[in-house]
Amino acid sequence: MEGESDLRRWDELIPDALGLIFRNLPLQEVLTVIPRVCKSWSKAVAGPYCWQEIDVEEWSNRCKPDHLDRMLQMLITRSSGSLRKLCVSGLRSNMMFSFIAENAGSLQTLRLTRSEISDSVAEQIAGRLSAITFLDLSYCCKIGATALEAIGKHCKLLVGLCRNMHPLDTADKLSQDDEATVIATTMPKLKRLEMAYNVISTEGVLNIISSCSKLEFLDLRGCWDVKIDDKFMEGNFPNLKVLGPYVRDNYESDDWDDFSDYSDASEDLAWEILAGEMGDYDDDEIYNDGMYDGRLDELELRFYDGIDEDAGIYGWPPSP
């Protein structure tokens with residue numbers, strides 16, 4: 001029909017358009033299903049267009065550390081220097097912090113929640129994070145004022161900082177006013193600051209809000225030593241919204257589970273993806289006239305083809 005001739009085939013879309021579309025799909029589908037549909041989609045997934053924003057935060061909570069490192073290396077390498085946003089949790093390897101920094105030329109948003117980054121590592125990599133505008137270091141227990149100072153001195157574009165803690169992680173701390181002082185002196189452009197359950201004083205908070213004149217939101221939930229009068233805030237800082245310190249707050253139990261028992265689903269995904277890097281596939285075997293033929297049973301069999309011998313080593317379920 002005449003109308004149908006004007007419709008463009010999905011496999012003919014330009015790679016950057018495909019990348020925008022594929023970003024809305026779950027990570028597992030992008031890495032294990034999309035490449036099997038057609039050659040152009042496979043090329044799009046292998047290139048930088050899908051990986052300008054990488055969010056593996058939820059998945060990383062359930063995978064083994066070495067699998068997480070390999071996943072990040074693969075995805076960040078695919079971004080080819082165009083990475084703008086990275087969200088990951090529980091990162092432990094100093095090598096990976098350095099690897100992220102080396103590829104952070106375009107990075108604007110960085111979430112490293114529950115990661116084991118240290119003051120010394122933060123000092124080493126802060127100079128390569130100069131493009132960062134939003135940073136989340138919540139529940140990172142191995143850093144303190146030293147790391148924040150290095151970040152503040154080098155990340156001059158920073159407008160958002162999350163430094164939330166779990167109550168149990170700060171129970172033995174006497175004060176974190178040194179962190180408040182560093183934030184006040186090195187991060188004047190902040191518009192959003194989250195410091196839930198930090199052990200800071202009223203003086204520390206006043207120092208921050210006096211120095212960070214552009215601040216619009218301040219999270220002080222659980223900062224029990226802070227005493228700020230509402231009328232004082234309305235009269236002196238009318239554009240600043242303060243949450244807390246007295247707010248009923250419930251931590252979801254799932255957020256604080258022991259992640260030593262990694263789920264089978266996460267491990268299946270990890271090794272499906274990583275095993276895919278180990279072997280080359282025959283285009284004639286995978287594609288039918290450039291398009292996937294839709295037979296799921298054959299897709300599954302092809303996906304396992306050639307790596308049965310290694311499946312047991314990686315804890316990957318055997319082929320059907």
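A salt bridge is a side-chain nitrogen of Lys or Arg within 4 Å of a carboxyl oxygen of Asp or Glu. The legends below describe close-up views of a predicted model.

**View 1. Glu 116 and Lys 142 form a salt bridge.** The closest N and O atoms of this pair are 3.4 Å apart. The two residues belong to distant parts of the chain, 26 residues apart. Glu 116 lies in the loop between strand S3 (109–111) and helix H8 (119–125), whereas Lys 142 lies in the loop between strand S4 (134–136) and H9. Glu 116 is partly exposed, because its relative accessibility is 32%. Arg 92 also takes part here, as Arg 92, Glu 116 and Lys 142 are linked in a network of salt bridges. In the whole structure, a search finds eight salt bridges.

**View 2. Glu 179 and Arg 163 are joined by a salt bridge between their side chains.** The N to O distance is 3.2 Å. Glu 179 is part of helix H11, and Arg 163 is in the loop between strand S5 (160–162) and helix H10 (167–170), so the salt bridge ties together parts of the chain that are 16 residues apart in sequence. Both Glu 179 and Arg 163 are buried.

**View 3. Arg 221 and Asp 219 meet through their side chains in a salt bridge.** The distance from N to O is 2.8 Å. Asp 219 counts as buried because its relative accessible area is 2%.

**View 4. Helix H6 covers residues 65–79 and is followed by Ser 80.** The helix has 15 residues and reaches 21 Å from its first C-alpha to its last, close to the 21 Å expected at 1.5 Å a residue. Its buried residues include Leu 68, Met 71, Leu 72, Leu 75 and Ile 76. Polar or charged names also occur in the list of buried residues, among them His 67, Asp 69 and Ser 79. Ser 80 is placed in the loop between H6 and strand S2 (85–87). Its phi is near 55 degrees, a positive value in a residue other than glycine. Ser 80 counts as exposed because its relative accessibility is 56%.

**View 5. Tyr 197 has a positive phi although it is not a glycine.** The angle is about 65 degrees. Tyr 197 is in the loop between S6 and helix H12 (202–211). With a relative accessible area of 9%, Tyr 197 is buried.

**View 6. Gly 244 and Pro 245 are joined by a cis peptide bond.** Omega of this bond is about 0 degrees. Pro 245 is in the loop between strand S8 (241–243) and helix H14 (264–278).

**View 7. Four lysines gather in a patch of positive charge on the surface.** The patch consists of Lys 156, Lys 189, Lys 191 and Lys 214. Lys 189 is located in the loop between helix H11 (177–186) and strand S6 (192–194). Its relative accessible area is 38%, and therefore Lys 189 is partly exposed.

**View 8. Trp 41 is a buried residue of helix H4.** The helix comprises residues 39–46. Trp 41 has a relative accessible area of 12%. Trp 41 and Phe 22 are 19 residues apart along the chain, and their C-alpha atoms are separated by 9.4 Å.

**View 9. Lys 153 is found in helix H9.** This helix comprises residues 145–154. Lys 153 is partly exposed, with a relative accessible area of 47%. Between Lys 153 and Thr 185 the distance is 9.3 Å, C-alpha to C-alpha, and the two are 32 residues apart in sequence.

Note on methods. Residues are numbered from 1 along each chain as its sequence is written. This is a predicted model: local features need pLDDT of at least 70, side-chain atom pairs count only at pLDDT 80 or more; totals for chains, interfaces and linings use all residues. Side-chain values use heavy atoms; hydrogens and water are left out. Helices (H or I, at least four residues) and strands (E, at least two) are DSSP runs, numbered from the N terminus. Buried means under 20% relative accessible area, exposed over 50%, partly exposed in between (1.4 Å probe, protein chains only). The expected span of a helix is 1.5 Å times one less than its number of residues. Patches are made of residues with over 30% relative accessible area and no salt bridge: like charges are joined within 9 Å, nonpolar side chains (Val, Leu, Ile, Met, Phe, Trp, Tyr) within 5 Å. Accessible areas come from the Shrake-Rupley method with a 1.4 Å probe; for residues, only the protein chains shown count as cover. Lys and Arg count as positive and Asp and Glu as negative; His and the chain ends are not counted. The place of a charge is taken as NZ of Lys, CZ of Arg, CG of Asp or CD of Glu.
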